[in-house]
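Subject: Structure for your files

Dear colleague,

Here is the structure you will be working with. My notes on the fold follow below.

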Amino acid sequence: MIQLGRPPLFRWAGRIRSGLGKAQEVSGGDHQEGLLIPILKSALLEDFRHQLQGTGTAGFKMARITLEELNELDDEVVDEDDEPMEEEEQNRLFSHWEAVASTHQVSLPQEMAGPILQMTRHNQPREPVPYTTLSQHEKCEEIAYEERLYPVGKWACVTKGEPKYEQSISMGFMKLIRYICKENSLGCQLGMTVPVVNEIHLNKEGTELLQDVITAYYLPGEFQLNPPLPMDPDIQILERAPLQVITRVFYGTTTEETILREIHLLWELLGSTENVLRDTYMVAAYQNPGVPNRRNEIWFIRRTD
């Protein structure tokens with residue numbers, strides 16, 4: 001049996017696999033896929049057989065290969081070919097989130113490429129932060145706001161004080177993503193919970209946001225008793241006391257302007273309320289910043305005394 005030169009074999013196996021992937025992408029998974037893929041596969045295989053006649057690049061005399069032999073290529077071929085594909089996917093995702101970050105006036109560091117890829121590949125159902133609904137209040141037959149009780153729980157928190165609110169939440173959440181994506185004492189993927197909550201503070205006049213913003217990620221239920229320790233010293237694991245809040249949903253981007261507007265609207269709905277904090281609020285984010293009309297909530301905090 002004449003030895004088959006490995007470099008050309010890997011190269012052509014990669015071409016066939018890449019070609020089939022493009023065929024599936026073009027077909028969009030519709031009824032044309034069954035016709036397009038066999039035609040492309042046949043053409044690539046025929047081209048492959050012609051290339052295997054003569055001398056390979058590694059100096060070996062090349063032998064003909066049958067379709068059966070090609071189909072039996074072991075996983076080693078697929079694994080080696082996966083590397084450039086993974087790098088391509090990582091670069092594509094990084095470019096996308098780099099563009100999103102720029103809308104928040106934040107520069108996305110290259111070291112975020114790996115965690116972003118991990119978050120995308122482990123896109124499992126997001127665990128909701130537990131709470132109890134205490135009451136709902138309607139206006140024009142729609143829920144205007146509701147009151148909830150969040151139980152005691154452990155949160156991973158980061159405080160950032162950038163010039164703009166959008167910059168602070170972006171910088172804080174980037175740190176939390178790395179903690180969620182294996183940069184913790186367990187070295188494992190923790191899984192995502194929603195919402196991510198940003199605690200804000202207003203000046204005495206209530207007209208401006210102060211710079212410091214606390215971005216908080218609720219630890220999934222399986223890690224509540226023994227939270228993995230963060231590798232980043234800027235991340236603190238805090239046990240927060242039970243929290244009673246008045247919440248109102250709003251959609252779109254979150255900036256200082258939109259947050260102040262939503263605070264004002266909820267105060268108009270509530271009227272005079274004595275046992276609610278007036279200098280501290282929370283903004284709950286349920287969707288990633290790449291979603292244009294994403295769901296958010298403004299939270300008013302009931303006094304505990």
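Two strands count as paired if DSSP finds at least two bridges between them. Please keep in mind that this is a predicted model.

By that rule, 9 strands make up an open sheet, ordered 4-5-11-13-12-8-9-6-10, with antiparallel pairing. The edges are taken by strand 4 (132–139) and strand 10 (236–240); each has a single partner strand, so one side of each is left without a neighbour in the sheet. On average, neighbouring strands of the sheet are turned by 30° against each other, direction ignored.

One pairing in detail: strand 5 (residues 142–150) runs antiparallel to strand 11 (residues 243–251), and 5 bridges link them. Leu149 has Gln244 of strand 11 as its bridge partner.

Two helices lie across strands of this sheet. Helix 6 (residues 165–180) crosses strand 6 (153–160), strand 8 (196–201), strand 9 (213–218), strand 10 and strand 12 (276–285), and its direction is at about 30° to strand 9. Helix 7 (residues 256–270) lies across strands 4, 5, 8, 11, 12 and 13, the last of these being residues 295–302. The angle between helix 7 and strand 13 is about 55°.

For the chain as a whole, the count is 7 helices and 13 strands. The chain has 305 residues, and 40% of them count as buried. Among contacts in the chain with a separation of 6 or more, 71% are between residues 24 or more positions apart. The accessible surface is about 17500 Å², and carbon and sulfur atoms account for 51% of that surface.

Regards

Conventions:
Residues numbered from 1 in each chain as written. Predicted model: local features only at pLDDT ≥ 70, side-chain atom pairs only at ≥ 80, totals over all residues. Heavy atoms only, no water. Helix = DSSP H or I, 4+ residues; strand = E, 2+ residues; numbered from the N terminus. Axes fitted to C-alpha atoms, helices over the stretch in contact; angles between N-to-C directions. Contact = heavy atoms within 4.5 Å. Buried < 20%, exposed > 50% of the residue type's maximum accessible area, 1.4 Å probe, protein only. Areas by Shrake-Rupley, 256 points an atom, 1.4 Å probe, with all protein chains shown as cover.
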